[in-house]
Amino acid sequence: MSSSCPSKLPSLLLFASLLACLVGASMGGDFLQDFDITWGDQRAKILNGGKLLTLSLDKDSGSGFRSKKEYLFGRIDMQIKLVSGNSAGTVTTFYLSSQGSTHDEIDFEFLGNVTGEPYIMHTNVFSQGKGNKEQQFHLWFDPTKAFHTYSIVWNQQRIIFLVDNIPIRVFHNSESIGVPFPTKQPMRIYSSLWNADDWATRGGLVKTDWTQAPFTASYRNFNANACVWSPGSSCTSASPNSVQDSAWQAQALDASGRNRLRWVQQKYMIYNYCTDLKRFPQGLPAECKRSRFL
């Protein structure tokens, strides 16, 4: 059963509207049904009847895909196995984005490294075309040996980044103090694998070793519990269990979640824009005054 809500509402009514409509859910991880290959020719492949997608990179080109649907708030999960071996110079991405010069975006980027060195997991949030809100982490496992789940929870109050359901970062809605937050632009899901050896590994000092090509990343078990946006008409749902599937609408961290977040940020965070005084000599961004463990 589907429901809909008006798409052209004053911003003050948007939250109430979203709560009123059932939550759109794209279940089952069917890449044939839910995604389009956007570039890379045959370097991107959908396999196993839509249950597996692989991206590859060689010296001529990388590859990428995007979701057929647009979403306005929700929880997005994707299992990814990253490029193994010497992945220096390569970047694998998984992110949400709208379009245009004032676009919104929520990013996971995985920066490759030489064999034996850890990947760098880069996160960022853009709103109204402005980003510069980077946090970077090492992982507590080898992300090339098996699939791991990377998740984005996006609601009116906050954005939560999770790895295997462990929160690694929370970006709160601080519009009340003048900080833009993505609330109005529906976003698609994107992913890509491409060469960025001018900056990705040690600031570009380590170049891509093309003798190791093609480089391959794999995806499976996509899931979206989200408001599926139809331009000019409605927010729809095909979910049989709206109560369970709408938990993301008010999702926050409980005491256990805060403890896990603290563990990740204390042991595995390697860069936080909110502590970079050299970058912001006139003062840290306003949102940085809020505790990162809330």
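Which side chains does a polar contact of 3.5 Å join? Those of E105 and S97, and the tour begins there.

The model is predicted: local features need pLDDT of at least 70, side-chain atom pairs count only at pLDDT 80 or more, and totals for chains, interfaces and linings use all residues. Residues are numbered from 1 along each chain as its sequence is written, and side-chain values use heavy atoms, with hydrogens and water left out.

**First selection: E105.** Select E105 in strand β8, residues 105-111; a strand is a DSSP run (E, at least two residues), numbered from the N terminus. The polar contact with S97 is a pair of N or O atoms within 3.5 Å, in which one must be able to donate a hydrogen and the other to accept it; residues adjacent in sequence count only if both atoms are side-chain atoms. E105 counts as buried because its relative accessibility is 13%, buried being under 20% relative accessible area (1.4 Å probe, protein chains only).

**Second selection: E109.** Continue along β8 to E109. This residue is also covered, with E105, by the "active site" annotation of an unreviewed UniProt entry; such annotations may be inferred rather than shown by experiment. E109 has 17% relative accessibility and therefore counts as buried. Beyond neighbours within four places in sequence, its contacts (heavy atoms within 4.5 Å) include H122 and W199.

**Third selection: N155.** Move to the loop between β11 (148-154) and β12 (158-163), where N155 is found. N155 is buried, at 0% relative accessible area. Display its side chain: one polar atom lies 3.0 Å from the backbone nitrogen of Q157, and the side chain reaches the backbone oxygen of W248 at 2.7 Å.

Key. Helices (H or I, at least four residues) and strands (E, at least two) are DSSP runs, numbered from the N terminus. Buried means under 20% relative accessible area, exposed over 50%, partly exposed in between (1.4 Å probe, protein chains only).
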